Amino acid sequence: MRMCSKREKRGGVLPKRIILMRHGESEGNLDPTAYDTTPDPKIELTEQGIAQARAAGARIRHVIEGEGEGSESDNWRVYFYVSPYARTRSTLRELGRAFSKKRVIGVREECRIREQDFGNFQAQERMNVIKETRQRFGRFFYRFPEGESAADVFDRVSSFLESLWRDVDMNRLHHDPSDDLNLIIVSHGLASRVFLMKWFKWTVEQFELLNNLGNCEFRVIQLGSGGEYSLAVHHTDDELLEWGLSPDMVADQKWRAHSNKHDSNGSCSWYLDAFFDHLPDSDSDDENVDNHDETNCVSS
């Protein structure tokens, strides 16, 4: 009888990597007044953005080729999910030049990973005032007038993540189990950050610490040796800290890189300490508290 691999997930095979990538430099990044007259979904890449996307494609291919399991594994494929905005579609088109048809098993436009909605045309003077208010209110829960909050984006990205797992589980991607599967998600800065937040179960407070991705920067969520996904398999501690992860969050990523999927991570205190002032270390402590309470009740 064939033994099940740690990478198998019921009907499908777990992707080796999920790579989150922000689009290249856009006309709106270069000149914010572009949003005054051009709808956000139609904002295009600059020439610099096109060059960034091509270079990123080569870097991503290097990540995939250079980290094959065993000795230089050549059995790998990629599947793309892309936001419907012009700048993400153009980014995908340029980074796709790094891959042959043999390597690409599919692509899907996915509306749920689009940019945060800021509310139709964006008059810059008004937007500057609004963004100042957001800083005081909090980035996650502040909802732009006629637009969305980061919490709204979290909800739709969470829905997308559930669909992604169904795609993998039911092998809707038509992936050969003998090949390493790499999912590449070409999206936006905020959508990528809330994807990470949802994936790793980070709190709102931890989300607020995160720095945005630069144009064509990407984050590699990679399957570790024990069956958990982690940013620390590919990225260094210094990179994680630079992106805004706290030391506890970095420690958790390093634990995930080598842990067994069913192990409990007792080394990262924020899992419980973020919600409770104090929990007893053992049941015996609970019993002492209960007995003390019972004694008090009898005495009174």
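## A residue to start with

Is Gln253 buried or exposed? In this predicted model, Gln253 has a relative accessibility of 0%, so Gln253 counts as buried; the cut-off for that label is under 20%. You can find Gln253 in helix 9, which covers residues 247–258.

What does Gln253 touch, leaving aside residues up to four places away in sequence? Its contacts are Phe200, Trp202, Ser230, Leu231, Ala232, Leu240 and Leu245. Three of these names, Trp202, Leu231 and Leu245, will come back when we reach the largest cavity, since they are among the residues that line it.

## The chain as a whole

Now let us step back. The protein chain contains 11 helices and 8 strands. Of its 300 residues, 49% are buried.

We can also ask how far apart in sequence the touching residues are. Take the contacts between residues at least 6 apart in sequence: 71% of them join residues at least 24 apart.

## The sheet

Six of the strands deserve a careful look. An open sheet is built from 6 strands, and reading across it gives the order 5-4-6-3-7-8, with mixed pairing. Strand 5 (104–109) and strand 8 (229–230) stand at the edges; each has a single partner strand, so one side of each has no neighbour in the sheet. As a general reminder, strands of a sheet pair through backbone hydrogen bonds, either parallel or antiparallel.

This sheet offers examples of each sense. Strand 3 (residues 17–22) runs parallel to strand 6 (residues 180–187), and 6 bridges join the pair. Within this pairing, Arg22 has Ser187 of strand 6 as its bridge partner. With strand 7, strand 3 pairs in the antiparallel sense over 5 bridges, and here Leu20 sits opposite Arg219 of strand 7.

## Strand 7 and its hairpin

Strand 7 (218–223) is a good place to see how side chains are arranged. In a regular strand the side chains alternate between the two faces of the sheet. Here Phe218, Val220 and Gln222 point one way, while Arg219, Ile221 and Leu223 point the other way. How many residues of strand 7 are buried? The count is 6 of its 6 residues, and the strand is mostly covered.

Strand 7 and strand 8 run antiparallel and are joined by 2 bridges. Across this pairing, Leu223 faces Tyr229 of strand 8. The two strands form a hairpin with 5 residues between them, where Gly227 has a positive phi near 100 degrees.

## Helices against the sheet

Two helices are worth tracing over the strands. Helix 2 (residues 47–66) packs on the sheet and touches strand 3, strand 4 (76–82), strand 6 and strand 7. Its direction makes about 165 degrees with that of strand 3.

Helix 5 (residues 150–169) lies across strand 4, strand 5, strand 6 and strand 8. Relative to strand 6, helix 5 runs at about 155 degrees.

## Two loop residues with positive phi

Most residues other than glycine have a negative phi. Which angles do we find at Glu146 and His174? Glu146 is not a glycine, yet its phi is positive, at about 65 degrees. His174 is not a glycine either, and has a positive phi of about 55 degrees.

Glu146 belongs to the loop between helix 4 and helix 5, and its 65% relative accessibility makes Glu146 exposed. His174 is in the loop between helix 5 and strand 6. With a relative accessible area of 67%, His174 is exposed, as the cut-off for this label is over 50%.

## A pocket and a cavity

The largest pocket has a volume of about 490 Å³. It is lined by 25 residues, and the closest to its centre are Arg22, Glu115, Phe118, Lys131 and Asn212. Arg22 is the residue we met as the bridge partner of Ser187. Helix 1 (27–30), helix 4 (124–137) and helix 6 (189–200) each supply at least two lining residues, and helix 4 gives the largest share, with 5 residues. By class, the lining has 7 nonpolar, 10 polar and 8 charged residues.

A search of the whole structure also finds 1 cavity of 30 Å³ or more. The largest cavity holds about 70 Å³ of space. Its lining consists of Arg193, Leu196, Trp202, Leu210, Asn211, Leu213, Arg219, Leu231, Trp243 and Leu245. These divide into 7 nonpolar, 1 polar and 2 charged residues.

Definitions and conventions: Residues numbered from 1 in each chain as written. Predicted model: local features only at pLDDT ≥ 70, side-chain atom pairs only at ≥ 80, totals over all residues. Heavy atoms only, no water. 1 Å grid on protein atoms, 1.4 Å probe; cavity = no way out; pocket = protein on both sides within 12 Å on 5 of 7 lines; lining within 4 Å. Points joined across faces, edges and corners; volume = space filled by probe spheres on them. Helix = DSSP H or I, 4+ residues; strand = E, 2+ residues; numbered from the N terminus. Nonpolar A, V, L, I, M, F, W, Y, C, P; charged D, E, K, R; others polar. Pairing = 2+ DSSP bridges. Contact = heavy atoms within 4.5 Å. Axes fitted to C-alpha atoms, helices over the stretch in contact; angles between N-to-C directions. Buried < 20%, exposed > 50% of the residue type's maximum accessible area, 1.4 Å probe, protein only.
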